[in-house]
Amino acid sequence: MNTLIRTTVAAAALAAVTAACTTSPGGDQGPPPVRTSLGAVRLVAYDGCDDLLEELRERSAANVGPYGFGDAMPMMVGQDSVRSEAKARAVTQSPEHSTTNVHEAGVDEPDLVKTDGERLITVTDGTLRVIDTATRKITASLRLTEGEGGSGFPADLLVSGDRALVLMAGGDIMYKRIAGGPVGDTRYVLVDLAGEPKVLGTIKPQGSYVDARLVGSTVRLVTRSRPDVVFHERRPGSSESDLIAANRAVIANAPAEAWLPRIEITDASGRTTQSRVPCERVSHPADYTGTSMLTVHTIDLAQGITAAGTDPITLAADGDIVYGTGQSLYVASNPRWWFPVVRRLPPPPSPRPTAVAPAEEPTVTDPPIAPTTTGSTPAATVPAETVPAETVPAETVPVETVPAETPTPEPTPAQPPEETEVHRFDITKPGAPAYVASGKVPGRLLNQYALSEHDGHLRVATTLNRSDGRDSSSAVYVLKADTMEKVGEVGGLGKGERIYSVRFIGPVGYCVTFRQVDPLYTLDLRDPAHPRVTGELKITGYSAYLHPAADGRLIGIGQEASEKGRTLGTQVSLFDVSDPAAPRRLSQFFQRDSGSGAEWDPHAFLYWPKTGLAVVPLVQPDKSGALVLRIDDKEVRRLGMIEHPERRGEYPYRPGIERSLVIGDSIWTVSYEGVQVNDMETLDSQVWIPLR
């Protein structure tokens, strides 16, 4: 969910998965498969490889398109000195500092930069760097990629004590983060920061990194993998029906191993082991596409990575959004939204596939996305009404077109309902998370902030889009966390609009919908069975991110807009929500013709409650930097702009600032090119630390 765009998705007894490809004779077979039914979502364990293979072939064949399993595309220092410094840090108190802006207190989220007040850690171009905040110098670095394989691509970080877990996706990370597609060399690298940094172990899972959460020293990583099959490429004269038939034939001959996720682990000694998740340890909901597998890996950073594995558990489902608390890990999936072949095709007859009419590709209406282009000045946020869903060809090899009899016209299948499944796992005990329950609600999620666990219940905010796109509406559903059964709902939010931001704070909820004007709804969720709307504020524009401030205050980051809904530039709003029946805007800062990464990535927003300091990355047609504001309980006031030095050369540009932190009495800002330190009061530049 930054440059790693965030935007993102088991049987009743999902047990710990062994690291062996097959269960060894006489080994621990684990609990027998369990079949159960909970409400609208039924999760079962496969009876074995034959059962798994039969069902996955059937589901995958029904969801394959002419180009395979496509994705919705988005818009486009010496060791001794380090040790002595580490000892010095141990006897001094860390300066006051900010941390990553996270959804839930005590649950850390991966980010581009981490700090403990004494050191700042970041990864650029495949190299991890440690900056000492006292001397403001790079004191250590560690190359994590070979050659140019990681050049140009950033990485997420999680840090616990002297252990850092580097989450590297490789390939096109923007594509991966928005569409959730596989991107190649996904790696999780554990690094020891005590002394000269060194690698303690590496995990290479099959598939793409979805997201992760850190509670204490334990990380839960969610990876999504696709079937390892090679589809046919289009040849002159071949129709889409021919390609679908050929792809179905490929699936019909694929072995079970094509779906079972591979895991490669290299421990601190350099010893590498490879394994697959066994068939009998994979579970699935009653309705699924068969096009992806979700695997949750567990790593205790304090214990390190061993050949014994990461205690993975696997679910045959789609997933793109992860939300975590101190007790629960939720993975949400809406396969009908991100997957372009949304209409279920009729299953092929046996033994010979029959050509079928190609599925129409939908137009997906999405929240505005303004990715920061790595290594260049990012474009301003330009919210679009619609983002066309495209299809990306899978790996292809030239083959003869599969002959097919004259296609028989078939009726166009009905559009399946837009639904979101949410799977809950208990993470209160060491080791693999325990599956608890699953639920299903109408519509689709915006992001992880549309989920919130409170007082034994999960609140879920979704938008349900109709065929014409104008008859959409939004609702908040309340589910019991232990069974995921619905106990209450409140609907009718923003008819003809869609959700642009959500924030739940204890028993209160806030929801912003938008098409031409921005209704900010306040919700009373104290009675889970009877949630209700208590107030509504209509203003132009919208807030794409909501942040709690002082008592009764809410900060909104988004876009101002005309009365007809045309966006005009970045706005920062201060709302008074102390009276739930009458929310009002107290103050607004507006910067015409600009955009901010904080709209789509909350990690980019810095709010320092002690002084009311707020820092928001800002991009304008002629420059980019970080907007510094002062927000008290009455107004939003501009203090100035922080800009990084212009990079000179044949194509000069000013790098866009991606992150801001407070360390001591200074503001630290991070861009792809380097780190700058500015005085918190005067905003004067104090030092520039280049990273390239």
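**Arg129 and strand β4**

I began with Arg129, which lies in strand β4, a strand running over residues 127-132. I kept in mind from here on that this is a predicted model. I then asked whether Arg129 is buried or exposed. Its relative accessibility is 15%, and because burial here means under 20%, Arg129 counts as buried. Leaving aside the neighbours within four places in sequence, I found Arg129 in contact with Leu120, Ile121, Thr122 and Thr124, with Ile138, Ala140 and Ser141, and also with Leu691. I also looked up Thr139, which is 10 residues from Arg129 in sequence and, C-alpha to C-alpha, 7.8 Å from Arg129 in space.

**Asp125 and Asp455**

Next I turned to the loop between β3 (119-124) and β4, where Asp125 lies. I noted its backbone, since most residues other than glycine have a negative phi. Asp125 has a positive phi of about 55°, although it is not a glycine. With a relative accessible area of 14%, Asp125 is buried.

I looked up Asp455 as well, which is found in the loop between β25 (451-454) and β26 (457-464). Its phi is positive too, at about 50°, and Asp455 is not a glycine. The relative accessible area of Asp455 is 68%, so I entered this residue as exposed.

**Gly195**

Where is Gly195 found? I located Gly195 in the loop between β8 (187-192) and β9 (198-205). Its relative accessible area is 5%, and Gly195 is therefore buried. I also noted that Gly195 and Asp162 are 33 residues apart in sequence, while their C-alpha atoms are 9.0 Å apart in space.

**Helices α1 and α4**

I then took up a pair of helices, α1 (residues 49-63) and α4 (residues 240-252), and looked for how they pack. Two packed helices are described by the angle between their axes and the distance between the axes. For α1 and α4 the angle is about 165° and the axes are 9 Å apart. Angles over 145 degrees count as roughly antiparallel, and α1 and α4 are therefore roughly antiparallel to each other. I recorded their crossing as right-handed.

Which residues of α1 meet α4? From α1 I listed Arg57, Ser60, Ala61 and Ala62, and these meet Arg248, Ile251 and Ala252 in α4. By class, this contact of α1 with α4 has four nonpolar residues, one polar residue and two charged residues.

I checked the span of each helix in turn. The 15 residues of α1 should span 21 Å at 1.5 Å a residue, and its end C-alpha atoms are 21 Å apart, so the two values agree. Helix α4, with 13 residues, reaches 18 Å from its first C-alpha to its last, which is close to the 18 Å expected at 1.5 Å a residue.

I also looked at burial along both helices. In α1 the buried residues are Asp51, Leu52, Leu53, Leu56, Arg59, Ser60, Ala61, Ala62 and Asn63. How many residues of α4 are buried? I found 10 of the 13 residues of α4 to be buried, and the helix is mostly covered. Among the buried residues of α4 are Leu243, Ile244, Val250 and Ile251, and they also include the charged Asp242 and Arg248. What covers the buried residues of α4 includes α1 and also β12 (231-232).

**Val296 and strand β16**

I moved on to Val296, whose place is in strand β16, residues 293-300. Val296 has a relative accessibility of 4% and so counts as buried. Beyond its neighbours within four places in sequence, I found Val296 in contact with Arg220, Leu221 and Val222, with Asp311, Pro312 and Ile313, and with Leu329 and Pro433. Val296 and Arg224 are 72 residues apart in sequence, and I noted a C-alpha to C-alpha distance of 9.0 Å between them.

**Arg584 and strand β36**

My last entry is for Arg584, which lies in strand β36 (residues 584-592). At 47% relative accessibility, Arg584 is counted as partly exposed, because that term covers values between the buried limit of 20% and the exposed limit of 50%. Not counting residues up to four places away in sequence, I found that Arg584 touches Leu537, Leu574, Phe575 and Asp576. I also entered Ile539, which is 45 residues from Arg584 in sequence and 9.5 Å away in space, C-alpha to C-alpha.

Terms used: Residues numbered from 1 in each chain as written. Predicted model: local features only at pLDDT ≥ 70, side-chain atom pairs only at ≥ 80, totals over all residues. Heavy atoms only, no water. Axes fitted to C-alpha atoms, helices over the stretch in contact; angles between N-to-C directions. Helix = DSSP H or I, 4+ residues; strand = E, 2+ residues; numbered from the N terminus. Parallel < 35°, antiparallel > 145°, perpendicular 65-115°, else oblique. Left-handed = near helix turned anticlockwise from the far one by under 90°. Contact = heavy atoms within 4.5 Å. Expected span 1.5 Å × (residues − 1). Buried < 20%, exposed > 50% of the residue type's maximum accessible area, 1.4 Å probe, protein only.
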